[in-house]
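Me: I would like a close look at one strand in this model and at what surrounds it. Please keep it plain and give the cut-offs as you go.

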Amino acid sequence: MSLPLMLFAAGFGTRMGALTASRPKPLIEVAGRPLIDHALDLATAHGAAPVVANLHYLPDQLAQHLAGRNIRLSLEMPEILETGGGLRAALPLLGTGPVFTMNTDAVWRGPNPLDQLAGLWRPAEMDALLLCIPRAQTVGHSGTGDFQIDADGRATRGPGSVYSGLQIVKPDLLHTIPERAFSLNRLWDLMLSEGRLFAADYPGQWCDVGHPEGIALAESLLAAPDV
């Protein structure tokens, strides 16, 4: 059975500078296609359904781009709700079970990451399964990483692999957080305290396209010959 997918598309894209002054970040083009379409290609190939996108910044442009594509829209107004609040607000469109959540500012090279996560998902022991990238396999990303992964796949915070922006997560604990707008980090902290936050490394490459320099890097990654 396919899992629903939440695409995070509401943000302001401030790291993109002038490129997002008049268009939302998910519509910035990489290799001639908007970033959100690269994410939707992976979702379609995997068979994720339903697909929901949250909107806030310049929402009309994204709504027009997605029109006629059987994608449900979760409009966040008047304020943006961040990743955790945005996921909770979209649950009436997603259902009550586990869901994929995926950022729309990255490009992947390798096996379909949704396929990999679905194959590793063990709901009896996991509340969330994060897909991470070994630092040597990241492109356009600086930093020391976000999570360490032990031999059983449990995740702890600290220098290590980079969170890719893709996960499978159970939404139940969202209802225990009182704030309206909050980060998914709040949810992960609750899961960490119970030893139910897991992660896995992706075997391919991943490019962060959250900043202008990432566009050319992503296009080079996509154009590179197979080895």
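Which residue in β4 stands opposite leucine 7?

Reply: Leucine 7 stands opposite alanine 53 in β4. Before going on, note that the model is predicted: local features need pLDDT of at least 70, side-chain atom pairs count only at pLDDT 80 or more, and totals for chains, interfaces and linings use all residues. Residues are numbered from 1 along each chain as its sequence is written, and side-chain values use heavy atoms, with hydrogens and water left out.

Strand β4 covers residues 51–55. Strands here are DSSP runs of E with at least two residues, helices are runs of H or I with at least four, and both are numbered from the N terminus. Two strands count as paired if DSSP finds at least two bridges between them.

β4 has a parallel pairing with strand β1 (residues 5–8), made over 4 bridges. It also runs parallel to strand β5 (residues 72–75), again joined by 4 bridges. Alanine 53 takes part in both pairings: it faces leucine 7, and it stands opposite leucine 73 in β5. Further along β4, leucine 55 is set opposite leucine 75 in β5.

The link from β4 to β5 includes helix α2 (residues 59–66), and the three elements make a right-handed β-α-β unit. Right-handed means that, with the strands pointing away from the viewer, the path from the first strand over the helix to the second runs clockwise. Leucine 58 sits in the loop between β4 and α2. Its phi is positive, about 45 degrees, although the residue is not a glycine. Leucine 58 counts as partly exposed, because its relative accessibility is 27%; the class lies between buried (under 20% relative accessible area) and exposed (over 50%), using a 1.4 Å probe and protein chains only.

By those cut-offs, 5 of the 5 residues of β4 are buried. In a regular strand the side chains alternate between the two faces of the sheet. In β4, one side carries Val51, Ala53 and Leu55, the other Val52 and Asn54, and all of these are buried, which leaves both faces covered.

Now the approach to the strand. Proline 50 lies in the loop between α1 and β4. The peptide bond that joins it to alanine 49 is cis, with omega about -10 degrees. A second cis bond runs from methionine 77 to proline 78, with omega near 5 degrees; proline 78 is in the loop between β5 and α3.

Both partners of the first cis bond, Ala49 and Pro50, also line the second largest pocket, together with Val51 of the buried strand and residues including Leu40, Arg69 and Arg72. A pocket is an open set of points on a 1 Å grid over the protein atoms alone, where a 1.4 Å probe fits, with protein on both sides within 12 Å along at least five of seven lines; lining residues have an atom within 4 Å of a point. This pocket holds about 200 Å³ of space, where grid points are joined across faces, edges and corners and the volume is that filled by probe spheres set on the points. Helix α1 (residues 35–46) gives the most to the lining, with 3 residues. By type, the lining has 7 nonpolar, 2 polar and 2 charged residues. Nonpolar covers Ala, Val, Leu, Ile, Met, Phe, Trp, Tyr, Cys and Pro; charged covers Asp, Glu, Lys and Arg; the others, Gly among them, are polar.

The largest pocket has a volume of about 840 Å³. Its lining comprises 33 residues, and the closest to its centre are Phe8, Lys25, Thr83, Asn103 and Asp105. At least two lining residues come from each of α3 (82–94), β6 (99–103), β12 (162–169), α5 and β14. The lining divides into 12 nonpolar, 14 polar and 7 charged residues.

To sum up, β4 is a buried strand with parallel partners β1 and β5, and a cis peptide bond to proline 50 lies in the loop before it.
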